[in-house]
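Visitor: I should like a close look at one part of this structure, the pairing of its aromatic rings. Please set it in the context of the model and of some neighbouring topics.

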Amino acid sequence: AEEGNTSFDVRHKVSGTYLYELPFGKDKFWVTSGVGSHILEGFSVSGSFTFTTGTPLTPGYQATVTDVANGTAGTQRPNHVPGISPTAGGGSKQEWFNTAAFAQPPTNSTNPAYPNYGNVSRNSITGPGTIQNNMALSKTMQMGGMRSMEFRATANNVFNTVQYAGVDTNLASPSAGQVISAAAMRSFQFTARLRF
């Protein structure tokens, strides 16, 4: 019953970081002297990005007392409906996966108080992925000797991309298959640091 993908099975992931110092100011390519040099020198742009596919989800039905007593770990799995793909027509906020691809197992004819196990494996649906871009703009001013002052503005999820965070996998729920939550939206942080 528990054969399936691991709960942390992310099939594809690309991530990286970058840092670019703007070419303005003394000993740089452009605006090397004058007031403009002092204003523009010491700026840098940095950031990180992550693109991943989602972690897997397990469809099921809300547990009853008899389900737990029967040893199903609090959930009952559905049966897969032959010929219907769980991903057909899915991928949207209103229907992340095709709920028509699953059906409740028939009643146990030997003992109706205990339901049959479904044949759908654990973690059989791929959940929403992640598109995350974080960026920072900073300026460092030299203050003589070993002293410097840095001002930094950081934006997490800089493009404010909506990140789906939760999908209702309870097939008995009215919102089954729908995205029901989102991750954090764009946020800013401003810091100043004196080095000496």
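Guide: The account below begins with confidence, turns to the aromatic pairs, and then takes up a surface patch and two contacts.

The model is predicted, and the chain has an average pLDDT of 84, with 87% of the residues scoring at least 70. Among the elements of the chain, strand E1, residues 13-21, has the highest mean pLDDT, at 94, while helix H2, residues 65-69, has the lowest, at 56. Where pLDDT is low, the predicted coordinates should not be read in detail.

As to the aromatic rings, a pair is described by the distance of the centres and the angle of the planes. The count of aromatic pairs is four. One of them joins Phe-97 and Phe-102, whose ring centres are 6.0 Å apart and whose planes meet at 75°. Planes over 60 degrees apart count as edge-to-face, and this pair of Phe-97 and Phe-102 is accordingly edge-to-face. Phe-97 has a relative accessible area of 1% and is therefore buried. Phe-102 is also classed as buried, because its relative accessible area is 9% and the limit for that class is under 20%.

A further pair is formed by Phe-188 and Phe-190, with 6.5 Å between the ring centres and 15° between the planes, so this pair is stacked. Phe-188 has a relative accessibility of 55% and so counts as exposed. Phe-190, at 64%, likewise counts as exposed, since the class begins over 50%. The edge-to-face pair thus consists of buried Phe-97 and buried Phe-102, whereas the stacked pair consists of exposed Phe-188 and exposed Phe-190.

Another phenylalanine, Phe-51, belongs to a nonpolar surface patch together with Val-14 and Ile-131; the accessible area of the three together is about 250 Å². Ile-131 is located in strand E9, residues 130-142. With a relative accessible area of 41%, Ile-131 is partly exposed.

Two contacts elsewhere in the chain complete the account. Asn-123 is situated in the loop between strand E7 (102-103) and strand E8 (125-126), and Asn-123 is buried, with a relative accessible area of 7%. A polar atom of the Asn-123 side chain lies 2.7 Å from the backbone oxygen of Asn-5. Gly-166, in strand E11 (residues 164-167), is buried as well, at 14% relative accessibility. The C-alpha atoms of Gly-166 and Ser-181 are 5.0 Å apart in space, although the two residues are 15 residues apart in sequence.

Definitions and conventions. Residues numbered from 1 in each chain as written. Predicted model: local features only at pLDDT ≥ 70, side-chain atom pairs only at ≥ 80, totals over all residues. Heavy atoms only, no water. pLDDT = per-residue confidence, 0-100. Helix = DSSP H or I, 4+ residues; strand = E, 2+ residues; numbered from the N terminus. Phe/Tyr/Trp six-rings, centres within 6.5 Å; stacked < 30°, edge-to-face > 60°. Buried < 20%, exposed > 50% of the residue type's maximum accessible area, 1.4 Å probe, protein only. Patch = residues over 30% accessible without salt bridge, like charges linked within 9 Å, V, L, I, M, F, W, Y side chains within 5 Å. Areas by Shrake-Rupley, 256 points an atom, 1.4 Å probe, with all protein chains shown as cover. Salt bridge = Lys/Arg side-chain N within 4 Å of Asp/Glu carboxyl O. Polar contact = N/O pair within 3.5 Å; in protein donor to acceptor, adjacent residues only side chain to side chain.
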